[in-house]
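Please open the structure in your viewer and keep the sequence panel beside it, so that residues can be picked by number. The tour goes from one selection to the next, and each stop says what to look for.

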Amino acid sequence: MEKNKDKISVIIPCYNVQKYVMRCFDSIYSQTYGFENLEVIFIDDLSTDNTWSILEMLQNKYSENVISVKMENKGMCGGTRNLGMDICTGKYIMFLDADDCIHPNTIDILYNKSLEKDFDIVQCEVVMFCDDKPKYTQIEDVKAREYNLANIDERKKLILAWSGGFSICVWAKLYSSEFLKKNCIRFIENINFEDGHFSFLCVLLAKKYCKIDSPLLYYFQNSNGIMAGQQSLEKLRDSAKYTNTLIEEIKHRGLDNGVVKECKYEVQIAIFWRFYFCTMNKLNWIYQEEKKFYRDFVLKNNFFEGILYSPYITETIGEEFLNYMSYLKEGI
């Protein structure tokens, strides 16, 4: 291991990814940070194809840097990532999906930025691809947006940013292992949308956060993937489960008397946006009859009390959003 370089753990959940996992691994192996400085942890969630055989081969070939583990029971992404965190030894942690890739300079850039001010989390931009291999762009001038979260206005901006785009996802970020362990941040298991719970706790608990404007994570538009596949009723209703769990954890941690109290409207609109608006968008073309479930969930949950009068509601425009808000009002 090169002197003065910290070990970084890359945790990768795997389920029936025999077509993609080597492409993902190759992007990690080619990191300018140095493969010898990485700990790559593959967690197989009881795949039914040849995924496990590939992972065994990688561990045998790169035994000093690759750990392949098979789940004893089906755990979905939350369970696999928790297991990865339990066994990882890196000073920093990165989560990656097995069908995605990272730019050759990704870990170098995120790590060097993290060192500058000991950031809890450093996030990069995401670019999507659908070809067999991504076409990496040259990274030249790296610009960053640093959040001083001791400043409440900065915290509010970060909370609002969480509700849009890829910010809710746990990949495309480098985490301080100490930060995650100190705050006991874990994934909820056996549920879809586990990213939202984990990433929002990070936004509420982090002290130093940085966003890099360079696209370093290459997201594969996989038509057979978990999120791109058919959105079943069961999957969609998991959004209510994770929202309830998040609200309960906010209370359990006493955050409702701290950062959440100081950022009341921002936290409320961010969770409301992800739960109600994003889900209603999916229902609009899948399950028309399910809309009432999500409307009633909002109206009966004390956490969303006064949401119709939130200052952020009046600033939001768009025909779809206005229609969903009108539908919400009809349920009162």
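What follows is a walk through a predicted model, in a handful of selections.

**Stop one: helix H5**

Begin by selecting residues 152-162, which form helix H5, and then colour Glu154, Arg155, Leu158, Ile159 and Trp162 within that helix, since these are the buried ones. How are the buried residues arranged when H5 is seen down its axis? They fall within an arc of 140°, so they line one face of the helix. The general reason such a pattern can arise is that an α-helix has 3.6 residues a turn, so residues three or four places apart point the same way.

Next, show what lies over that face: the cover of the buried residues of H5 includes strand S7 (144-148), helix H7 (194-205) and strand S9 (208-220), together with helix H8 (233-252), helix H9 (259-262) and helix H10 (264-283). Before leaving, select Asn151 at the N-terminal end of H5, where this residue acts as a cap, with a side-chain oxygen 2.8 Å from the backbone nitrogen of Asp153.

**Stop two: Ala270 in helix H10**

One of the elements covering H5 is helix H10, and Ala270 is a residue to select in H10. Ala270 has a relative accessible area of 0%, so it is buried. If you display its surroundings and set aside the neighbours within four places in sequence, you will find Ala270 in contact with Ile159, Trp162, Ser163 and Phe200; of these, Ile159 and Trp162 are among the buried residues of H5. You can also draw a distance from Ala270 to Gly164, which is 106 residues away along the chain, and the C-alpha atoms are separated by 8.6 Å.

**Stop three: where H3 meets H7**

Now select helix H3 (residues 76-87) together with H7, and turn the view until both axes are visible: they come within 9 Å of each other and cross at roughly 45°. That angle makes H3 oblique to H7. On the H3 side, show Cys77, Gly78, Arg81 and Met85, and on the H7 side show Glu194, Asp195 and Phe198, which these residues meet. Sorted by class, the contact of H3 with H7 has three nonpolar, one polar and three charged residues.

**Stop four: two residues with positive phi**

Most residues other than glycine have a negative phi, and this stop visits two that do not follow that pattern. Select Phe193 in the loop between helix H6 (177-182) and H7, where phi is near 65°, a positive value in a residue other than glycine. Then move to Asp118, in the loop between helix H4 (106-117) and strand S6 (121-129); Asp118 also has a positive phi, of about 55°, although it is not a glycine. Which of the two is buried and which is exposed? Phe193 is buried, with a relative accessible area of 18%, whereas Asp118 is exposed, with a relative accessible area of 51%.

**Stop five: Tyr136 and its surroundings**

Carry on to Tyr136, which sits in the loop between S6 and S7 and, at 34% relative accessibility, counts as partly exposed. Leaving out residues up to four places away in sequence, Tyr136 touches Ser27, Cys101, Ile102, His103, Pro104 and Tyr218. With Ile102 there is a polar contact to look for, in which the side chain of Tyr136 reaches the backbone oxygen of Ile102 at 3.3 Å. For Pro104, compare the two kinds of separation: Tyr136 and Pro104 are 32 residues apart along the chain, and 8.2 Å separates their C-alpha atoms.

**Stop six: Leu328 in helix H13**

Finish with Leu328, found in helix H13 (residues 319-330). Is Leu328 buried or exposed? Its relative accessible area is 0%, so Leu328 is buried. Around Leu328, not counting residues up to four places away in sequence, show Phe272, Tyr276, Arg295, Val298, Leu299, Ile307 and Leu308, which Leu328 touches. As a last distance, join the C-alpha atoms of Leu328 and Phe166, which are 162 residues apart along the chain and separated by 26 Å.

Definitions and conventions. Residues numbered from 1 in each chain as written. Predicted model: local features only at pLDDT ≥ 70, side-chain atom pairs only at ≥ 80, totals over all residues. Heavy atoms only, no water. Buried < 20%, exposed > 50% of the residue type's maximum accessible area, 1.4 Å probe, protein only. Helix = DSSP H or I, 4+ residues; strand = E, 2+ residues; numbered from the N terminus. Arc of directions from axis to C-beta. Contact = heavy atoms within 4.5 Å. Polar contact = N/O pair within 3.5 Å; in protein donor to acceptor, adjacent residues only side chain to side chain. Axes fitted to C-alpha atoms, helices over the stretch in contact; angles between N-to-C directions. Parallel < 35°, antiparallel > 145°, perpendicular 65-115°, else oblique. Nonpolar A, V, L, I, M, F, W, Y, C, P; charged D, E, K, R; others polar.
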